[in-house]
Amino acid sequence: MIENFTFSPADLQVSPGAQVSVVNRDSASHTVTATGDKAFDTGTIKAGATATEPFRV
């Protein structure tokens with residue numbers, strides 16, 4: 001979840017193949033992005049919207 005411009009939980013461990021949903025409870029759009037060997041990007045998550053990302057690594 002993103003709320004008050006903060007991720008909650010701050011750290012999250014998931015198994016390969018798991019899907020994680022991110023709920024944006026802020027009034028602004030956000031993205032969830034990682035770079036490097038385990039890169040992913042949710043794209044823009046509009047205010048009040050949810051994005052689901054499959055973790056392949």
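**Exercise 1. Locate Ala-28 in the chain and decide how far its surroundings cover it.**

Ala-28 has its place in the loop between β3 and β4 (33-34), in a model that is predicted. The next step is to look at its cover: the relative accessible area of Ala-28 is 25%, and because buried means under 20% and exposed over 50%, a residue between these limits is called partly exposed. Ala-28 is therefore partly exposed. Its contacts, once neighbours within four places in sequence are left aside, are Phe-5, Ile-45 and Ala-47. Finally, a distance can be read off: Pro-16 is twelve residues away from Ala-28 in sequence, and the two C-alpha atoms lie 30 Å apart in space.

**Exercise 2. Work out which side chains of strand β3 are buried, and find the strand that pairs with β3.**

Begin with the general rule that in a regular strand the side chains alternate between the two faces of the sheet. Strand β3, which covers residues 19-23, shows this alternation: Val-20 and Val-22 point to one face and are buried, whereas Gln-19, Ser-21 and Val-23 point to the other face and are not. The partner is strand β6 (residues 50-54), which runs antiparallel to β3 and is joined to it by five bridges. Within β6, Ala-51 is the bridge partner of Val-22.

**Exercise 3. List the residues of the largest nonpolar core, and follow the contacts of one of them.**

The largest nonpolar core has eight residues, namely Ile-2, Val-20, Val-22, Val-32, Phe-40, Ile-45, Ala-51 and Phe-55. As a general tendency, nonpolar side chains in soluble globular proteins are buried together. Taking Phe-40 as the example, and leaving aside neighbours within four places in sequence, one finds contacts with Val-32, Thr-33, Ala-34, Glu-53 and Phe-55.

**Exercise 4. Determine whether Thr-42 is buried or exposed, and name the residues that it touches.**

Thr-42 belongs to the loop between β5 (40-41) and β6. Its relative accessible area is 18%, so Thr-42 is buried. Not counting residues up to four places away in sequence, Thr-42 touches Thr-31, Val-32, Ala-51 and Glu-53.

**Exercise 5. Describe the chain as a whole and test its radius of gyration against that of a compact globule.**

The secondary structure comes to six strands and zero helices. For 57 residues, a compact globule would have a radius of gyration near 10 Å, and the protein chain, with 11 Å, agrees with this. The C-alpha trace spans about 30 × 20 × 15 Å along its principal axes, and 23% of the 57 residues count as buried.

Definitions and conventions
Residues are numbered from 1 along each chain as its sequence is written. This is a predicted model: local features need pLDDT of at least 70, side-chain atom pairs count only at pLDDT 80 or more; totals for chains, interfaces and linings use all residues. Side-chain values use heavy atoms; hydrogens and water are left out. Buried means under 20% relative accessible area, exposed over 50%, partly exposed in between (1.4 Å probe, protein chains only). Helices (H or I, at least four residues) and strands (E, at least two) are DSSP runs, numbered from the N terminus. Two strands pair if DSSP finds at least two bridges between them. Contact means heavy atoms within 4.5 Å. A nonpolar core is a set of buried Ala, Val, Leu, Ile, Met, Phe, Trp, Tyr and Cys residues joined through side-chain atoms within 4.5 Å. The radius of gyration is taken over C-alpha atoms; the globule rule is 2.2 Å times the number of residues to the power 0.38.
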